[in-house]
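Trainee: I would like to learn how to read burial and contacts from a model. Where should we start?

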Amino acid sequence: MCLIVASGASAKFRWGPTVGANFSSYSWNQDLFATSLRTGFNAGVMCEVMIPGIGFGVNFGLKYSNRGGICNFGEPQVWKDDNVGNQNLRLHTIQLPINLRFKYTRLNGIENIVAPFAFAGPQINFNVANSDCPILSRQGVSLGLEVGGGVELFKRFQISAGYVWDVTRDLKTYKLDDFTASLHGAIVDFTVLF
């Protein structure tokens, strides 16, 4: 896929490894108990295709992500008999982010040292594993929206931060028919592009 996109006549193609941290939690459609933020990580490969001179382009990748949150299922009466209590709910996902990107490159030479950029786009998440919790079912695939910004240093290193909202539901309870949750949270990534 990277090679097909890079075949454009004037587009500049780069790729490289990326690692990062995510700080996520679950957003339930009803407020029945407390949820807490949880730190996770991600790693993978990112590709960037930029159109020279105008600063617009696309970045996309393939990443593994470990994300989730802590849910206190022991608070509501409905799950007290199940002995679940606080659950550290983790989702292990393969992510396919596809972002439109704008990089400010007309800084009279300063862009060779530092170039700010912004990005936004969809993210497809494939759930490959998760923590065991007998009261929940998980979706196999979810869709999220990602938005953020960052800086590129010395035309090679990128540091970015953003926010991700899953727009589809990731979790559903067995006992309550319409009680679902989606993940949301902040991301911080470091990428080296060649």
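Mentor: Start with one residue, and keep in mind that this is a predicted model. Buried means under 20% relative accessible area. Asp166 has a relative accessible area of 6%, so Asp166 is buried.

Trainee: Where does Asp166 lie, and which residues does Asp166 touch beyond those up to four places away in sequence?

Mentor: Asp166 is in strand E8. With residues up to four places away left out, Asp166 touches Arg67, Asn125, Ser142, Leu143, Gly144, Ser182 and Leu183. One of these partners also shows up in a polar contact: the side chains of Asp166 and Arg67 meet at 3.0 Å. For a separation in space, take Met50, which is 116 residues from Asp166 along the chain; the two C-alpha atoms are 27 Å apart.

Trainee: Is Ser160 buried or exposed?

Mentor: Ser160 counts as buried because its relative accessibility is 12%. Ser160 is also found in strand E8. Leaving out neighbours within four places in sequence, its contacts are Phe117, Phe119, Gly149, Gly150, Ile187, Val188 and Asp189.

Trainee: Where does Phe154 lie, and why does Phe154 count as exposed?

Mentor: Phe154 sits in the loop that runs between strand E7 (141–153) and strand E8 (157–166). The cut-off for exposed is over 50%, and Phe154 counts as exposed because its relative accessibility is 54%.

Trainee: Which residues make a nonpolar surface patch with Phe154?

Mentor: Val19, Ile113, Phe157, Ile159 and Phe190 join Phe154 in a nonpolar surface patch of about 540 Å². For the protein as a whole, the exposed area is about 9700 Å², with 64% of it supplied by carbon and sulfur atoms.

Trainee: How many helices and strands are there in the protein?

Mentor: The protein has one helix and ten strands. Read from the N terminus, the order is α-β-β-β-β-β-β-β-β-β-β. The C-alpha atoms fill a box of roughly 65 × 30 × 20 Å along the principal axes. Of the 194 residues, 41% are buried. Among contacts between residues at least 6 apart in sequence, 67% join residues at least 24 apart.

Trainee: What is the mean pLDDT of the protein?

Mentor: The mean pLDDT is 91, and 95% of the residues reach 70 or more. Over residues 1–7, however, the pLDDT is below 50, and this stretch has six contacts in the model beyond near neighbours in sequence. Predicted coordinates should not be read in detail where pLDDT is low.

Notes. Residues numbered from 1 in each chain as written. Predicted model: local features only at pLDDT ≥ 70, side-chain atom pairs only at ≥ 80, totals over all residues. Heavy atoms only, no water. Patch = residues over 30% accessible without salt bridge, like charges linked within 9 Å, V, L, I, M, F, W, Y side chains within 5 Å. Areas by Shrake-Rupley, 256 points an atom, 1.4 Å probe, with all protein chains shown as cover. Salt bridge = Lys/Arg side-chain N within 4 Å of Asp/Glu carboxyl O. Helix = DSSP H or I, 4+ residues; strand = E, 2+ residues; numbered from the N terminus. Buried < 20%, exposed > 50% of the residue type's maximum accessible area, 1.4 Å probe, protein only. Contact = heavy atoms within 4.5 Å. Polar contact = N/O pair within 3.5 Å; in protein donor to acceptor, adjacent residues only side chain to side chain. pLDDT = per-residue confidence, 0-100.
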